[in-house]
Amino acid sequence: SIEIGQTADLDVDPTRRQTEQNHTTTHVTNWALREVLGDGVQQKGSLVDDTKLRFDFSHNQSLSDDEAARVQQLVNDAIAKVLKVSAKEVPLEQAMKISGLRAVFGEKYPPLVRVVSVGAEVDELLADAANPKWRQFSVEFCGGTHVPSLESVGKFVLISDEPVSKGVRRIVGVTGEAADASLESSRQIEIELDDAGKIEPKLLPASISALQKQIALPGVPLLSRRRGNAVIAELQQKHRTFEKGQKKAMAASVDVAQVAAGLLAQATISGAKSSGATKIVTGIVEGGSSDVLLGVMDSVRKAGASYALLLAGIEGEKLSFLAAVSDDVIARGLKAGEWIRDVAKVAGGGGGGRPNMAQAGGKDVSKAADAVALARDIAAKVLG
């Protein structure tokens, strides 16, 4: 219970101090945005708590890397100067004359307003209100609580820049210990990005995945996240180039003519065994990239005018199918697109294409033999 005459000790909640430093830094950030982007920047909303500051402003595009760096630097320069915070209630008409004053557009203010200045005493501002040098400081109407100076802020780091609605952007920043943690994460990311460039191309997928998770963590600086995304894009391209080279090397190691000759030797003949007979060519090609399968198809085409070809190519855990039929076979009812679609289903895949040529993929390599067997059965049934 509380009784009249009791004494008590009063302590400000530590989180309130953190909220205050974020609030004051929001004012300085508003000033820095105007310095970098121009007077067209108008405040559209803000939020401050003990973990971050959030500021919405009118602007039609995201901050460039240079603009974001300049805003961040201007705020940190102000912090380094240990600028003092001054606040005073003054008549609205008098306050509105201060050069560089920032007020929320469309807001209705009372006859007596509280002016908060970071870097210059309010009395100085009022004594020479038209002096353009006041634009060097953050001067706003505000009824909230602030730190007495920027000394307690420590550091400021931008961590995001996002659209809110048409013509409105939202930036989020952190100060104090949160900013220190953010800068430490930036240093770690820079080390990881430098190391990633030295990794063997075949090991890049795991490195890329780890980097993507790292830069997506809360509190990572905006500029570090952007650089991370740019480096990841380069690494992904590097890996794609590596894979393409591997496929070409594998294709070169496969003797396409020999594979085609072996498949033709095992081909089923539909119709009379003469020069006009149809060759039903099916089989599995190990190391069968799309280039290899196409090469085998060309060899089979050259071997006879009438053919029905369906191949399963296996590259590690990747399964692909290629089907090709001659015009006379299409006329007899076997179409490549329909044929390959039914066959690929056996391996959990799908695909299709034109009547004379089609491609498909499969999900289960272990079903390749079953798929090829079905291909032979379908062709035999249709062609007789």
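I314 sits in strand β10, which covers residues 307-315. The model I am showing is a predicted one. Is I314 buried or exposed? Its relative accessibility is 9%, and buried means under 20%, so I314 counts as buried.

Now take I314 together with D56. Along the chain these two are 258 residues apart, and their C-alpha atoms are separated by 54 Å. D56 takes us to the next topic, a sheet.

D56 belongs to β2 and is the bridge partner of G45. Strand β2 spans residues 53-58, and five bridges join β2 to β1. The two strands run antiparallel. As general background, strands of a sheet pair through backbone hydrogen bonds, either parallel or antiparallel.

Which strands make up the open sheet, and in what order? There are four, and the order is β1-β2-β7-β6, with antiparallel pairing. The edges are β1 and β6, the latter being residues 156-165, and each of these edge strands pairs on one side only. On average, neighbouring strands of this sheet are turned by 15° against each other, with direction ignored.

Strand β1 comes back in the next part, on pockets. Rolling a probe the size of a water molecule over the atoms shows where empty space is left. The largest pocket holds about 260 Å³ of space. Its lining has 17 residues, and the closest to the pocket centre are H27, Q43, V104, E140 and F141.

Which elements supply at least two residues each to that lining? They are α1, residues 14-37, β1, residues 43-48, and β5, residues 138-141. Of the elements, α1 gives the most, with four residues. So the edge strand β1 of the sheet is also one of the elements that line the largest pocket. By class, the lining has seven nonpolar residues, seven polar and three charged.

On to the second largest pocket, with about 160 Å³ of space. Here 12 residues form the lining, and S289, S290, K318, S320 and Q359 are the closest to the centre. Two or more residues each come from α9, residues 290-303, from β11, residues 318-325, and from β13, residues 357-362. Which element gives the largest share of this lining? That is β11, with four residues. The classes here divide into four nonpolar, four polar and four charged residues.

The last topic is salt bridges. Side chains of opposite charge can pair when their charged atoms come close. How many salt bridges does a search of the whole structure find? The search finds 13. I will go through three pairs and one network.

The first pair I picked is K88 with D123, whose side chains meet at 2.6 Å, N to O. K88 lies in strand β3, residues 85-91, and D123 in helix α4, residues 122-127, so this salt bridge ties together parts that are 35 residues apart in sequence. K88 is partly exposed, with a relative accessible area of 36%. D123 is partly exposed too, with 45%.

Next is the pair E184 and R187, a salt bridge at 3.1 Å, N to O. How far apart are E184 and R187 in helix α5? They are three residues apart in this helix, which runs over residues 176-196, so about one helical turn separates them. E184 counts as partly exposed at 34% relative accessibility, and R187 counts as partly exposed at 47%.

The third pair is in α9, the helix that also contributes to the lining of the second largest pocket. Here D298 and R301 form a salt bridge at 3.9 Å, N to O. Because they are three residues apart in helix α9, they are separated by about one helical turn. D298 is partly exposed, at 36% relative accessibility. R301 is partly exposed as well, with a relative accessible area of 31%.

Finally, the network. Which residues are linked in it? D65, D161, R169 and R226 are linked in a network of salt bridges.

To go back over the main points: the open sheet has four strands with antiparallel pairing. The largest pocket has about 260 Å³ of space, and the second largest has about 160 Å³. The salt bridges number 13 in the whole structure. And I314, where we started, is buried.

Technical notes:
Residues are numbered from 1 along each chain as its sequence is written. This is a predicted model: local features need pLDDT of at least 70, side-chain atom pairs count only at pLDDT 80 or more; totals for chains, interfaces and linings use all residues. Side-chain values use heavy atoms; hydrogens and water are left out. On a 1 Å grid over the protein atoms alone, a cavity is a set of points where a 1.4 Å probe fits but cannot get out, and a pocket is an open set with protein on both sides within 12 Å along at least five of seven lines; lining residues have an atom within 4 Å of a point. Grid points are joined across faces, edges and corners, and a volume is the space filled by probe spheres set on the points. Ala, Val, Leu, Ile, Met, Phe, Trp, Tyr, Cys and Pro count as nonpolar, Asp, Glu, Lys and Arg as charged, and the others, Gly among them, as polar. A salt bridge is a side-chain nitrogen of Lys or Arg within 4 Å of a carboxyl oxygen of Asp or Glu. Buried means under 20% relative accessible area, exposed over 50%, partly exposed in between (1.4 Å probe, protein chains only). Two strands pair if DSSP finds at least two bridges between them. Axes are lines fitted to C-alpha atoms, for helices over the stretch in contact, and angles run from 0 to 180 degrees between N-to-C directions.
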